[in-house]
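Thank you all for coming; I would like to take a few minutes to walk through a structure that may be new to you. Please have a look at the sequence and the model first, and then I will go through them step by step.

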Amino acid sequence: MSCRFKLKLHAPNAVTRPGFARQGQLEWSRLNSTGRPFDFQSTFKLASPSAPTWCLGDGLSHNSELWQKEILDSKRKSWDFTKSLADSEGRRDSYRILTSAIIPRPIALVSTLSEDGVPNLAPFRLSRRVLVSHNPPLVSLSFSLSPRRPKDTRNNILATREFTISIISEAFAEAANSTSVESPANTNEWLISGLTKEDSTTVKPPFVRESAVGMECELYNFQDIGLPGSVEHTVTVILGLIKKMHVREAVLNEDGITVDPAKLRPIARLGRTTYGRLLEGFDLPRLSWKAIRDEYPKLPRP
């Protein structure tokens, strides 16, 4: 079956760097041959909603025949996580389906210091970085635990109770991605990435100067989590209190209090090694009960 819902792959926006050959450049060249050139001139634009004539009770929009034909008419495949997580293959499958289905996931760089002052910089996806609340301003991080490879970021936060978060934009996607390398604990990811430290004012870890949005955070709470009925912990969830936030004025809207996505140019993680760009959006005002309450009793009941 030919499906028109195809993901368009672009080459990374920094495929080569003159005079500097490095590991991974061959892989980027391979992507360049299979994807369209990265168009940095493309920016976020607002479009009309997908179904501007949608009415109460309509359900699937009238212009979604393609979705009905190519997606909804297909069978469902199911994963039973209550049984499949008992073996390594099941855990691997759960990772692949979850990270490719729960998309897009905004990503950010998390900066920490060890108790001895050794810096660490690592990227985290939405499945591991999410805004919990604005009052108090809380973010959450989660860490998959492995007996063979401790998580430096997790250990540093629990030891020092401090970290920073820097939103990743298109202009330094490759640099941010390089910090995910599995390296010894004393490796300086700042050197690998070539990114620049900017001093924080309320915590010791710096944030990323190249990022338009930086947050200074302290540990609020944490919880170790395992499978039901097991005493083994597989994940640590950390809540961080945002003490201070720094935003470049150039990415703010005219109101001075909201960020313009066309200027921020954030990137997101999709499945496997694929990233996404934010290029189009549409407004959908929240319905008012006062406006629809007289129509609600007239809707057909099953």
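I will begin with the overall picture, then turn to one helix, the salt bridges, some backbone details and finally the cavities.

Please keep in mind throughout that this is a predicted model. The protein has 302 residues, and 33% of them count as buried, while its secondary structure comes to nine helices and 14 strands. If we take the contacts between residues with a separation of 6 or more, 62% of them are accounted for by residues 24 or more positions apart. As for the surface, the protein exposes about 20,200 Å², and 55% of that is supplied by carbon and sulfur atoms.

Let me now go to helix H5, which covers residues 152-160, and in which Asp152, Thr153, Arg154, Asn156 and Ile157 are buried. Which strands do the buried residues of H5 pack against? There are several of them, namely strand E3 (108-113), strand E4 (119-124), strand E6 (137-144), strand E7 (162-167), strand E10 (213-226) and strand E11 (233-247).

One of those buried residues, Arg154, brings us to the salt bridges, of which the count comes to six. Arg154 forms a salt bridge with Asp224, and the closest N and O atoms are 3.7 Å apart. This pair links distant parts of the chain, with Asp224 in strand E10 and Arg154 in helix H5, 70 residues apart. Are the two partners buried or exposed, or something in between? Arg154 has a relative accessibility of 16%, and because the limit for buried is under 20%, Arg154 counts as buried, whereas Asp224, at 22%, counts as partly exposed.

Strand E10 appears again in a second pair, in which the side chains of Lys243 and Glu218 meet in a salt bridge at 3.5 Å, N to O. Lys243 lies in strand E11 and Glu218 in strand E10, so this salt bridge ties together parts that are 25 residues apart in sequence. Here Lys243 is partly exposed at 39% relative accessibility, and Glu218 is also partly exposed, with a relative accessible area of 28%.

The third pair I would like to show is Arg265 with Glu170, where the closest N and O atoms of the salt bridge are 3.0 Å apart. Arg265 is in the loop between helix H8 (261-264) and strand E12 (267-269), and Glu170 is in the loop between E7 and helix H6 (173-178), so that the pair links distant parts of the chain, 95 residues apart. Both Arg265 and Glu170 are buried, and together with Arg277 they are linked in a network of salt bridges.

Now to the backbone, and first a general remark. Most residues other than glycine have a negative phi, and most peptide bonds are trans. Against that background, Arg265 has a positive phi, near 50 degrees, and this residue is buried, with a relative accessible area of 12%. Arg161, just after H5, also takes a positive phi, of about 70 degrees. Arg161 sits in the loop between H5 and E7 and is partly exposed, with a relative accessible area of 44%. Where the peptide bond is concerned, the one from Asn135 to Pro136 is cis, with omega near 0 degrees, and Pro136 is placed in the loop between strand E5 (129-134) and E6.

Finally, how many cavities of 30 Å³ or more are there? The count comes to two, and the largest has a volume of about 40 Å³. Its lining is made up of Ile107, Pro123, Ile168, Ala173, Ala176, Asn177, Ile267 and Tyr275, and H6 gives the most to this lining, with three residues. By type, the lining of the largest cavity divides into seven nonpolar residues, one polar and no charged.

The second largest cavity holds about 30 Å³ of space, and among the residues that line it are Glu170 and Arg265, which we have already met, along with Ser42, Thr43 and Phe44. The lining of this second largest cavity divides into five nonpolar, two polar and two charged residues.

That is where I will stop, and I am happy to go back to any part of the model.

Technical notes: Residues are numbered from 1 along each chain as its sequence is written. This is a predicted model: local features need pLDDT of at least 70, side-chain atom pairs count only at pLDDT 80 or more; totals for chains, interfaces and linings use all residues. Side-chain values use heavy atoms; hydrogens and water are left out. Helices (H or I, at least four residues) and strands (E, at least two) are DSSP runs, numbered from the N terminus. Buried means under 20% relative accessible area, exposed over 50%, partly exposed in between (1.4 Å probe, protein chains only). Contact means heavy atoms within 4.5 Å. Accessible areas come from the Shrake-Rupley method with a 1.4 Å probe; for residues, only the protein chains shown count as cover. A salt bridge is a side-chain nitrogen of Lys or Arg within 4 Å of a carboxyl oxygen of Asp or Glu. On a 1 Å grid over the protein atoms alone, a cavity is a set of points where a 1.4 Å probe fits but cannot get out, and a pocket is an open set with protein on both sides within 12 Å along at least five of seven lines; lining residues have an atom within 4 Å of a point. Grid points are joined across faces, edges and corners, and a volume is the space filled by probe spheres set on the points. Ala, Val, Leu, Ile, Met, Phe, Trp, Tyr, Cys and Pro count as nonpolar, Asp, Glu, Lys and Arg as charged, and the others, Gly among them, as polar.
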